[in-house]
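Me: Hey, got a minute to go through a structure with me? I'll drop it in here.

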Amino acid sequence: MLTSARVPARRATGTASGGGTSGAVAARSVAPGGTTARAAAAVEFALTGGVLFVLVTAVRWVMASPLSRALPQPHLQLAAVGLIVGAALAWALSSPWGRYSGGHLNPAVTLALWLTGAFPGRRVLPYVAAQLTGSLAGTGLARLVWGPVVGDRMAYAAVRPAPAWSAGALFTAEAAATAAILTVALLLMSRPAWTRWIPLALPAATAVVIVALGTLTGGSANPARQFGPALWAHQPAYLWAYLLAPLTGALLPALAARSKRQ
């Protein structure tokens with residue numbers, strides 16, 4: 001599960017929307033140094049791929065190796081994975097590359113930023129395409145590095161709902177989780193003094209979702225988190241829900257933030 005973002009720059013003034021320039025649920029409309037759309041999308045591809053590689057690697061060693069015996073309880077394993085993924089997200093948000101592209105790493109974030117008016121519409125599709133293809137590439141790299149176990153024993157870390165969960169319950173939970181994460185980001189963006197906490201708060205919120213929903217829905221809350229693993233594992237079942245639910249969950253906090261600005 002990948003949820004990250006960055007405070008947008010106001011095109012007219014060059015100052016950060018929400019009073020900060022590090023980590024929030026928006027990307028810079030025009031990044032420092034005249035970032036081109038193509039270069040920024042390439043960074044999104046690389047960062048999303050890198051975080052997916054870390055995610056699959058964490059699942060491989062924490063949940064699909066003899067090391068899992070040290071953490072026999074599923075929630076302990078999920079907590080370990082959540083900490084590793086959260087650390088990777090925190091690095092991505094704080095890195096120069098994350099500041100360069102805005103560090104969305106999540107189509108739901110890109111959609112939310114566009115809806116709030118903080119991100120130009122012409123960049124939405126290139127960013128989403130970069131994030132989804134980055135997911136494919138990062139998952140494939142993990143298979144190349146760690147071998148057949150990634151596909152044979154762990155299905156490329158693709159997630160699925162618990163047997164008792166219906167498609168409707170899955171959709172609702174994933175949408176709510178995404179909405180909660182974006183609400184945290186938007187709340188921190190609302191006060192200049194709070195924006196510095198975003199690179200820590202968003203990865204922490206992501207880790208909480210992984211632990212809380214990991215045994216129920218898989219705790220994705222990011223279309224890019226499931227896209228690559230599901231395609232590599234040839235598991236299209238419920239993929240529509242994992243793709244659409246986070247986008248739906250992004251609507252309410254984004255529209256609420258937009259109406260508040262107006």
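Reply: Sure, one term up front: a crossing is left-handed if the near helix is turned anticlockwise from the far one by less than a right angle, and right-handed if clockwise. Also, this is a predicted model, where local features need pLDDT of at least 70 and side-chain atom pairs count only at pLDDT 80 or more, while totals for chains, interfaces and linings use all residues. Residues are numbered from 1 along each chain as its sequence is written, and side-chain values use heavy atoms, leaving out hydrogens and water.

Me: OK, so what's the handedness of the crossing of H4 and H5?

Reply: H4 and H5 cross in a right-handed way. Helices here are DSSP runs (H or I, at least four residues), numbered from the N terminus.

Me: And which residues make the contact?

Reply: From H4 it's Pro107, Thr110 and Trp114, and from H5 it's Val124, Tyr127, Val128, Gln131 and Leu132. Contact means heavy atoms within 4.5 Å.

Me: New topic: where is Ala155?

Reply: Ala155 is in the loop between helix H6 (149-152) and helix H7 (167-189). Its phi is positive, about 50°, although Ala155 is not a glycine.

Me: What about the phi of Ala157?

Reply: Ala157 has a positive phi of about 65°, and it's not a glycine either. Ala157 is in the loop between H6 and H7.

Me: Is Ala157 buried or exposed?

Reply: Ala157 is buried, with a relative accessible area of 5%. Buried means under 20% relative accessible area, exposed over 50%, and partly exposed in between (1.4 Å probe, protein chains only).

Conventions
Helices (H or I, at least four residues) and strands (E, at least two) are DSSP runs, numbered from the N terminus.
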